[in-house]
Protein chains: 4
Amino acid sequence: MSFIQVLDQGYVRLVDKMGSDLTVVNAARVSYAKQSKELTDRDIRLIRFLAREGHTSPFRHAVLQFEIYAPLMVARQWWKYVVGSAHMEGTGDSLDAWNESSRRYITEEPVFYVPRKDEWRSKPDNSKQGSGQPIEWEKGEAFTASLMEYIEQGLEKYQAALDAGICAEQARLFLPAYGLYVRWYWTASLQAVCHFLSQRLEHDAQKEIQLYAKAILQLSEAQFPNAIAQFIKKEEVK
Amino acid sequence: MSFIQVLDQGYVRLVDKMGSDLTVVNAARVSYAKQSKELTDRDIRLIRFLAREGHTSPFRHAVLQFEIYAPLMVARQWWKYVVGSAHMEGTGDSLDAWNESSRRYITEEPVFYVPRKDEWRSKPDNSKQGSGQPIEWEKGEAFTASLMEYIEQGLEKYQAALDAGICAEQARLFLPAYGLYVRWYWTASLQAVCHFLSQRLEHDAQKEIQLYAKAILQLSEAQFPNAIAQFIKKEEVK
Amino acid sequence: MSFIQVLDQGYVRLVDKMGSDLTVVNAARVSYAKQSKELTDRDIRLIRFLAREGHTSPFRHAVLQFEIYAPLMVARQWWKYVVGSAHMEGTGDSLDAWNESSRRYITEEPVFYVPRKDEWRSKPDNSKQGSGQPIEWEKGEAFTASLMEYIEQGLEKYQAALDAGICAEQARLFLPAYGLYVRWYWTASLQAVCHFLSQRLEHDAQKEIQLYAKAILQLSEAQFPNAIAQFIKKEEVK
Amino acid sequence: MSFIQVLDQGYVRLVDKMGSDLTVVNAARVSYAKQSKELTDRDIRLIRFLAREGHTSPFRHAVLQFEIYAPLMVARQWWKYVVGSAHMEGTGDSLDAWNESSRRYITEEPVFYVPRKDEWRSKPDNSKQGSGQPIEWEKGEAFTASLMEYIEQGLEKYQAALDAGICAEQARLFLPAYGLYVRWYWTASLQAVCHFLSQRLEHDAQKEIQLYAKAILQLSEAQFPNAIAQFIKKEEVK
């Protein structure tokens with residue numbers, strides 16, 4: 001399995017990966033000119049030692065590549081993880097010019113994240129991070145309808161601007177963009193992925209990005225079971 | 001002068017800088033254990049040589065720091081410049097928790113960029129990048145009014161959601177966020193600044209980011225006149 | 001083939017790789033939500049366009065991993081390529097402590113690069129970079145013998161220091177270390193590999209690193225034939 | 001004071017810096033559009049909070065620049081700190097070509113680190129990192145003399161090779177290079193400096209690099225007293 005749906009219309013897809021738990025072990029032992037071909041107990045103890053002692057550089061030599069489809073508000077936080085990572089998004093960049101599309105920048109229909117009636121959350125009770133309990137669904141139902149109506153209106157204005165000949169890069173000012181789905185590639189070292197997980201699985205991270213982090217965790221630990229287990233444990237202890 | 005206004009309510013402010021044209025020269029000649037104290041013609045020829053031949057590593061040892069206030073759509077493109085740079089934005093991050101503000105995340109009133117009636121641009125005539133000529137101001141006037149009205153409505157819905165006890169991180173889905181002003185620190189090596197300029201001063205970059213790039217250029221060349229001149233010239237020739 | 005011998009006892013080995021020419025294409029087109037499965041002429045034209053226009057970010061999403069065994073003087077230059085790369089060398093680092101080896105740091109016998117009698121080069125005739133013609137082999141023969149004798153002597157003194165109980169980290173001061181072979185992992189994006197090649201294949205790079213660059217080129221273009229061809233061509237033209 | 005001598009002939013010099021403890025505070029609070037001009041108790045508590053919670057990104061916005069003169073074996077470990085850092089060494093690079101020096105690459109007389117008679121250390125008693133007690137000075141005296149004699153001999157052979165017309169890049173194979181002093185610029189964010197300190201002040205780091213780390217600590221805490229104190233404390237606790 002390499003695809004996990006997240007939120008109403010988003011997803012995380014594992015596109016590719018390089019290496020396995022053995023990559024970490026072999027990178028750490030590069031000076032010995034012998035490679036492990038099979039993971040031994042001794043190798044697993046080495047992974048545990050490296051994670052515990054913060055010798056994370058061997059984890060930079062394994063790589064994961066994901067395609068992510070997420071609301072802009074999630075993407076914005078994600079893109080802050082730049083050390084050991086590369087993000088690639090096609091839209092809004094001159095790459096699109098190549099595509100000889102008359103609708104330049106408008107590569108597909110805008111799609112928006114809309115919380116369902118039971119997904120709206122209250123603000124937290126105390127000054128701590130994050131959000132609180134779900135609000136009553138009757139209230140939620142009203143806000144879901146209100147948001148859908150507002151998006152619909154924005155899309156109409158956006159279309160009207162395009163129809164009037166306004167360039168797409170300005171017309172998009174009419175979109176309620178925090179909920180707009182964007183799609184990108186994230187190519188990241190195992191170290192960078194673990195760092196992301198250690199921060200975004202936390203209970204005080206925004207709920208929506210926590211859900212994406214769980215999908216990343218699930219796809220990553222299928223590929224690097226020992227490395228992920230040791231690294232995340234270590235982070236939790238800290 | 002260290003402050004330049006950009007767009008209707010944005011700005012670029014030079015917060016700090018480290019070094020001068022001499023820093024580039026002294027970094028390039030570090031193996032000689034002597035430092036130039038004053039910029040000579042020979043030093044200027046060295047800067048020209050370095051820029052022309054693509055030996056850009058000495059330019060990594062001078063640093064500029066800006067505070068930027070720009071619409072989110074501009075910020076998104078800017079943040080792609082990560083090599084040799086650090087971006088720092090306070091909002092939406094757990095840092096805010098520290099501030100014991102009951103409005104967590106809502107650190108100030110939302111402010112939006114709204115093009116004036118004569119600032120709306122048509123789509124380009126051919127398939128090339130960028131936007132075309134301004135559209136007629138009568139049309140523009142209508143879209144300015146329409147956008148203001150739409151923002152106003154979004155703000156009301158946003159406030160209603162907050163009043164109903166919905167957490168700010170969800171309530172913001174009601175904001176037409178591409179035009180929302182965000183504020184951040186950008187600390188970047190002179191090399192990273194020149195790379196940004198060489199791409200975002202281009203005529204096919206989005207007009208709004210071109211205006212910010214011009215402000216960065218003006219503030220930077222006051223500090224590093226020779227380095228900027230040689231570097232930007234080189235990029236243009238390419 | 002994934003292994004190429006370089007110099008008298010060195011080598012480059014392709015350990016792993018992630019992606020193909022298609023990775024570049026799919027990263028560039030991520031906003032379209034469709035992936036090419038087979039490389040078409042249109043895809044190849046896109047690669048050419050990206051390389052020519054300097055849109056190199058899609059090349060960051062393909063990765064190559066090498067094990068390299070090279071003299072320290074070559075390693076020192078190589079390690080300057082850090083953007084988009086990770087280097088991993090086991091020796092001299094606390095990782096070795098884990099290995100419960102009584103010889104800590106001394107993970108294998110020191111091995112040295114010694115130019116053969118016909119491999120010594122004269123200094124260049126003019127002020128340009130690089131080295132000149134080979135010197136006469138009679139002279140070369142004498143220097144080869146002289147270097148071997150000097151290394152032998154250094155190894156004896158090094159061993160004497162260890163035998164007297166001196167720690168390995170100081171005893172190594174007796175080694176003529178520029179020629180000492182070191183082994184490391186280099187995990188680098190395709191973009192970083194191309195940048196390395198564009199500089200180190202140049203005729204004025206040190207001859208020894210040129211030979212390593214040729215091995216990297218050969219191993220890389222077998223994996224990414226179109227991307228390497230377009231990228232290196234572009235660099236040469238510049 | 002901005003210059004500290006280290007080892008027999010090495011040093012660390014603070015060349016420049018950008019920012020102060022206030023820079024960290026203002027970066028963390030950038031979303032508020034007000035800057036502290038003077039460091040308050042509340043600001044100091046914020047620095048403590050950031051360091052303790054691992055919110056280290058505001059520390060990337062203050063910068064330190066050092067000139068370092070250290071033996072190659074120290075330089076090799078130092079250069080592994082690349083995240084948030086730039087290293088610049090003039091030698092061995094094509095930059096030197098510009099200098100129209102007939103001795104290309106040979107920018108100054110080679111200088112070597114030689115431990116004094118009471119500075120040789122034994123290997124550690126157990127399998128832990130680092131070195132043990134000083135060895136008896138009578139033994140040490142002999143090794144100091146032996147190393148000096150060996151270096152002298154290497155220099156003669158090196159000079160003979162140059163005199164015979166061999167290029168400098170090969171002639172240097174005759175130098176016992178681990179002790180060879182090299183000079184470079186290190187421009188690093190406060191975060192990168194603290195990360196370096198937290199690892200290289202440790203008792204199991206090589207003694208020689210510990211001495212350099214102490215010099216960096218002394219020069220840095222004069223500029224960023226609160227940030228350094230909080231950050232290093234946190235690392236020690238870990």
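The questions and answers below concern charges, aromatic rings, burial and backbone angles in a predicted model.

User: Which helix gives the largest share of the positive surface patch in chain A?

Analyst: The positive patch on the surface is made up of Lys34(A), Arg42(A), Arg45(A), Arg48(A) and Lys233(A). Of these residues, Arg48(A) has its place in helix α2 of chain A. The largest share of the patch, 3 residues, is supplied by the stretch 41–53 of chain A, which is helix α2.

User: Is Arg48(A) buried, partly exposed or exposed?

Analyst: Arg48(A) is a member of the positive patch and sits in helix α2 of chain A. Its relative accessible area is 34%, and a residue counts as buried under 20% and as exposed over 50%. Because 34% falls in between, Arg48(A) is partly exposed.

User: How far apart in sequence are the partners of the salt bridge between Glu67(B) and Arg13(B)?

Analyst: Over all chains the count comes to 40 salt bridges, and one of them joins Glu67(B) to Arg13(B), with the closest N and O atoms 2.9 Å apart. Glu67(B) belongs to strand β3 (residues 63–71) of chain B, whereas Arg13(B) belongs to strand β2 (residues 10–18) of chain B. The pair therefore links distant parts of the chain, and the separation in sequence is 54 residues.

User: Are Glu67(B) and Arg13(B) buried or exposed?

Analyst: For Glu67(B) the relative accessible area is 6%, and for Arg13(B) the relative accessibility is 17%. The limit for burial is under 20%. Because each value meets that limit, Glu67(B) and Arg13(B) count as buried.

User: Which parts of chain C does the salt bridge between Glu208(C) and Arg121(C) tie together?

Analyst: The side chains of Glu208(C) and Arg121(C) meet at 3.1 Å, N to O, in a salt bridge, and both residues are buried. The two partners are 87 residues apart in sequence, so the contact ties together separate parts of chain C. Those parts are helix α7 (residues 207–223), which holds Glu208(C), and the loop between β4 (85–88) and α4 (137–163), which holds Arg121(C).

User: What is the relative accessible area of Glu119(D), which forms a salt bridge with Arg116(D)?

Analyst: In the salt bridge of Glu119(D) with Arg116(D), the closest N and O atoms are 3.1 Å apart. Glu119(D) is classed as partly exposed because its relative accessible area is 25%.

User: Which residues of chain A are linked with Arg13(A) in a network of salt bridges?

Analyst: A salt bridge requires a side-chain nitrogen of Lys or Arg within 4 Å of a carboxyl oxygen of Asp or Glu. In chain A such contacts form a network, in which Arg13(A) is linked with Glu67(A) and Arg183(A).

User: Is the ring pair of Trp120(A) and Phe174(B) stacked, tilted or edge-to-face?

Analyst: A search of the whole structure finds 61 aromatic pairs over all chains. The ring centres of Trp120(A) and Phe174(B) are 6.2 Å apart, and since the planes stand at 15 degrees, the pair is stacked. The pair crosses between chains, from the loop between β4 (85–89) and α4 (137–163) of chain A to the loop between α5 (168–171) and β5 (181–189) of chain B. Both residues are buried, and the class of the pair is stacked.

User: What is the angle between the ring planes of Trp79(D) and Trp184(D)?

Analyst: Trp79(D) lies in the loop between α3 (72–78) and β4 (85–88) of chain D and Trp184(D) in strand β5 (residues 181–189), so the pair ties together parts 105 residues apart in sequence. Both residues are buried. Their rings form a tilted pair at 6.4 Å centre to centre, with an angle between the planes of 50 degrees.

User: How many residues of helix α6 in chain C are buried?

Analyst: Helix α6 of chain C spans residues 190–200 and is mostly covered. Among its buried residues are Leu190(C), Val193(C), Phe196(C) and Leu197(C). The number buried, out of 11 residues, is 9.

User: Where in chain D does Leu7(D) lie?

Analyst: Most residues other than glycine have a negative phi. Leu7(D), although not a glycine, has a positive phi of about 60 degrees. Leu7(D) is located in the loop between β1 (3–6) and β2 (10–18) of chain D.

Conventions: Residues numbered from 1 in each chain as written. Chains lettered and ligands numbered in written order. Predicted model: local features only at pLDDT ≥ 70, side-chain atom pairs only at ≥ 80, totals over all residues. Heavy atoms only, no water. Patch = residues over 30% accessible without salt bridge, like charges linked within 9 Å, V, L, I, M, F, W, Y side chains within 5 Å. Areas by Shrake-Rupley, 256 points an atom, 1.4 Å probe, with all protein chains shown as cover. Lys, Arg positive; Asp, Glu negative; His and termini not counted. Charge placed at Lys NZ, Arg CZ, Asp CG, Glu CD. Helix = DSSP H or I, 4+ residues; strand = E, 2+ residues; numbered from the N terminus. Buried < 20%, exposed > 50% of the residue type's maximum accessible area, 1.4 Å probe, protein only. Phe/Tyr/Trp six-rings, centres within 6.5 Å; stacked < 30°, edge-to-face > 60°.
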